[in-house]
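Q: I am new to this structure and would like a close look at a single part of it. Please pick one residue and describe what surrounds it.

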Amino acid sequence: MHRRASLVLLNTLSLSRLPLAAAFIAVSDLRMRAFLVVLAAATDFLDGWIARHRGLATRLGALIDPVADRAFMVTAFIVCLLDGLIDPVELTLLLLRDLGTAIGFIVARLRPDMRAVELKARMLGKVVTALQLAVLLCVLLYPPLVRPLVALVALLSLASVVDYSRAVWRQRQRRGLPPSRPDPPRVPQGPTGAPMGSVRE
């Protein structure tokens, strides 16, 4: 029962980023928005830390956490775009990794030979997420740093997509079945079923 309650707490922490995303839309004060970004980052760190140190990592949690992260991040960046704080090119570069991993996830789920592959977060992806949060804070509080950080996020996003694709491919190869043995050559048969050219006793 204690484990179940802890898992509910972890999933609640992850899902709390959804109302934080709604709050980001509702408020207009830049400092308040920056506070919401810090709060979202804190919940992300806290649920991950608890899951690792208490052995509470689950497949459901591994799905809820990144979905909640992406929901908050994408919402916040789109709000910043609509408010004129970033431009469409910057938005595209900032979400490059998310677009790549979303496409990869869909492909992995559509292909029968890849459905058993477990999609895990990668360290490089976590670095990109941390930098995205830093960009958000700079957009809200210190715009001069936005462009250099966007360029860095774009470069690391490309590296992250490549790293993620290689990890999925390696896992698929480890889980793959051994190659099937070729069928033996067929011998032509006569009308009675005996091989052509064979001697019947």
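A: Phe72 counts as buried, because its relative accessibility is 2% and the cut-off for buried is under 20%. The model is a predicted one, and all that follows describes that model. Phe72 sits in helix H4.

Some background on the whole chain helps to place this residue. The protein chain has 8 helices and 0 strands, so its pattern along the sequence reads α-α-α-α-α-α-α-α. Of its 201 residues, 33% are buried. Among the contacts in the chain with a separation of 6 or more, 72% are between residues 24 or more positions apart. The accessible surface of the chain is about 13100 Å², and carbon and sulfur atoms account for 68% of that surface.

Now to the surroundings of Phe72. Setting aside neighbours within four places in sequence, Phe72 is in contact with Arg17, Leu20, Ala21, Phe24, Leu36, Val37, Ala40 and Leu136. Another residue to place beside it is Ala23: the two are 49 residues apart in sequence, and their C-alpha atoms are 10.0 Å apart in space.

One of the contacts of Phe72, the one with Phe24, can be described further. The structure has 1 aromatic pair. Phe24 and Phe72 form that pair, which is edge-to-face, with 6.1 Å from centre to centre and 80° between the planes. Phe24 belongs to helix H2 (residues 17-26) and Phe72 to helix H4 (residues 59-82), so the pair ties together parts that are 48 residues apart in sequence. Both Phe24 and Phe72 are buried.

Helix H2 can be looked at from the side of its buried residues. These are Arg17, Leu20, Ala21 and Phe24. They span an arc of only 105° around the axis, which places them on the same side of H2. Ile25 and Ala26 are exposed on the other side of H2. Arg17, Leu20, Ala21 and Phe24 also appear among the contacts of Phe72.

Phe72 also takes part in the lining of a cavity. The structure holds 1 cavity of 30 Å³ or more, and the space in the largest cavity is about 50 Å³. The residues lining the largest cavity are Arg17, Ala40, Ala41, Asp44, Asp69, Phe72, Met73, Thr129 and Leu133. Helix H3 (30-53), H4 and helix H7 (123-141) each contribute at least two residues to this lining.

Arg17 leads on to two further residues. Thr43 lies in helix H3 and is buried, with a relative accessible area of 9%. Not counting residues up to four places away in sequence, Thr43 touches Leu13, Ser16 and Arg17. Asp65, which lies in helix H4, touches Ser14, Arg17, Asp44 and Asp47, again leaving out residues up to four places away in sequence. Asp65 and Asn11 are 54 residues apart in sequence, and the distance between their C-alpha atoms is 7.6 Å.

To put the picture together, Phe72 is a buried residue of helix H4. Phe72 forms an edge-to-face pair with Phe24, and Phe72 is among the residues that line the largest cavity. Arg17 is in contact with Phe72, is one of the buried residues of H2, and is touched by Thr43 and by Asp65.

Terms used: Residues are numbered from 1 along each chain as its sequence is written. This is a predicted model: local features need pLDDT of at least 70, side-chain atom pairs count only at pLDDT 80 or more; totals for chains, interfaces and linings use all residues. Side-chain values use heavy atoms; hydrogens and water are left out. Rings of Phe, Tyr and Trp (its six-membered ring) pair if their centres lie within 6.5 Å; planes under 30 degrees apart count as stacked, over 60 as edge-to-face and the rest as tilted. Helices (H or I, at least four residues) and strands (E, at least two) are DSSP runs, numbered from the N terminus. Buried means under 20% relative accessible area, exposed over 50%, partly exposed in between (1.4 Å probe, protein chains only). The arc is that of the directions from the helix axis to the C-beta atoms. Contact means heavy atoms within 4.5 Å. Accessible areas come from the Shrake-Rupley method with a 1.4 Å probe; for residues, only the protein chains shown count as cover. On a 1 Å grid over the protein atoms alone, a cavity is a set of points where a 1.4 Å probe fits but cannot get out, and a pocket is an open set with protein on both sides within 12 Å along at least five of seven lines; lining residues have an atom within 4 Å of a point. Grid points are joined across faces, edges and corners, and a volume is the space filled by probe spheres set on the points.
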